[in-house]
Amino acid sequence: MQTLLVLLTLFQTPHDVASVVQAAPRAGGSESKRVQVTAVRHAGGIGLDGRLDEAAWLSAPPISGFVQSDPVQGAAPTERTEVRVVFDDDALYVGARMYDSAPDSIVARLGRRDAQLESDYFTLYIDPYLDRRSGFYFSITAAGTLADG
């Protein structure tokens, strides 16, 4: 089992729970449906230690039900993935647990920042304008190589 954490900066919000929209492609089509994702506010510190067993992580509902993008676009995944989203006044915290029945086959190539690598990776896309055209992405490979844009 591989667990990756991504730390992102967040706009300030006065709410205790922020809802964001996640787009997931439909099988066999280019259109996507919108899925509601809930980020939970946490007042205490978050340990960035690769563990998702703190109260903050456990209070956030898991996001699952992802679909493949490779090798079969829109197909059901062969492995389970759970993502949890927590925020405080300064940052958005995304914790992802990607299960793998054959962890010895995880491709973890190290490379320069923002390099396109043939490696297993986790990418978070943020569409703050909900226009599906402009936004940001943050990516990390199994070896820890970062990319953003």
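# Strands, a buried pair and a pocket

Trainee: At 19% relative accessibility, does E82 count as buried or exposed?

Mentor: Let's reason from the numbers, remembering that the model is predicted. Buried means under 20% relative accessible area. E82 comes in at 19%, so it counts as buried.

Trainee: Which residue has a side chain joined to that of E82 by a polar contact?

Mentor: Start by finding E82 in strand 4. Away from its neighbours within four places in sequence, E82 is in contact with P62, I63, G95, A96, R97 and Y99. The side-chain polar contact, at 3.3 Å, is with R80.

Trainee: And R84, is that residue buried or exposed?

Mentor: R84 is also found in strand 4, which covers residues 81–87. The cut-off for buried is under 20% relative accessible area. With a value of 16%, R84 is therefore buried.

Trainee: Which backbone oxygen does the side chain of R84 reach at 2.6 Å?

Mentor: Good one to look up in the structure! Leaving aside neighbours within four places in sequence, the contacts of R84 are W57, L58, A60, P61, P62, Y93, V94 and G95. The backbone oxygen of W57 lies 3.3 Å from a polar atom of the R84 side chain. At 2.6 Å, the side chain reaches the backbone oxygen of A60.

Trainee: How many residues of strand 4 are buried?

Mentor: You have already met two of them, E82 and R84. Strand 4 has seven residues and is largely enclosed by the rest of the structure, because the number of them that are buried is six.

Trainee: How many bridges join strand 4 to strand 5?

Mentor: Strand 4 and strand 5 form a hairpin with three residues between them. One pairing to look for is V86 with its bridge partner in strand 5, Y93. The two strands run antiparallel, and the number of bridges joining them is seven.

Trainee: Which strands stand at the edges, each with a single partner strand?

Mentor: Three strands form an open sheet in the order 6-7-8, with antiparallel pairing. An edge strand has a single partner, so one side of it is left without a neighbour in the sheet; that applies to strand 6 (121–126) and strand 8 (146–148).

Trainee: What is the bridge partner of F138 in strand 8?

Mentor: Strand 7 spans residues 136–141, and three bridges join it to strand 8. These two strands run antiparallel. In strand 8, the partner of F138 is D148.

Trainee: What is the volume of the second largest pocket?

Mentor: First, see what surrounds the second largest pocket: strand 6, strand 7 and strand 8 each supply at least two residues of its lining. Its volume is about 270 Å³.

Trainee: Of the residues that line the second largest pocket, which are the closest to its centre?

Mentor: The lining has 13 residues in total. Those closest to the centre are A115, Q116, Y121, T123 and S139.

Trainee: Where is L130 found?

Mentor: L130 has a positive phi of about 50 degrees although it is not a glycine. At 46% relative accessibility, L130 counts as partly exposed. Its place is the loop between strand 6 and strand 7.

Trainee: What is the phi of D114, given that it is not a glycine?

Mentor: D114 is found in the loop between strand 5 and strand 6. With a relative accessible area of 37%, D114 is partly exposed. Its phi is positive, at about 70 degrees.

Terms used: Residues numbered from 1 in each chain as written. Predicted model: local features only at pLDDT ≥ 70, side-chain atom pairs only at ≥ 80, totals over all residues. Heavy atoms only, no water. Pairing = 2+ DSSP bridges. Helix = DSSP H or I, 4+ residues; strand = E, 2+ residues; numbered from the N terminus. Buried < 20%, exposed > 50% of the residue type's maximum accessible area, 1.4 Å probe, protein only. Polar contact = N/O pair within 3.5 Å; in protein donor to acceptor, adjacent residues only side chain to side chain. Contact = heavy atoms within 4.5 Å. 1 Å grid on protein atoms, 1.4 Å probe; cavity = no way out; pocket = protein on both sides within 12 Å on 5 of 7 lines; lining within 4 Å. Points joined across faces, edges and corners; volume = space filled by probe spheres on them.
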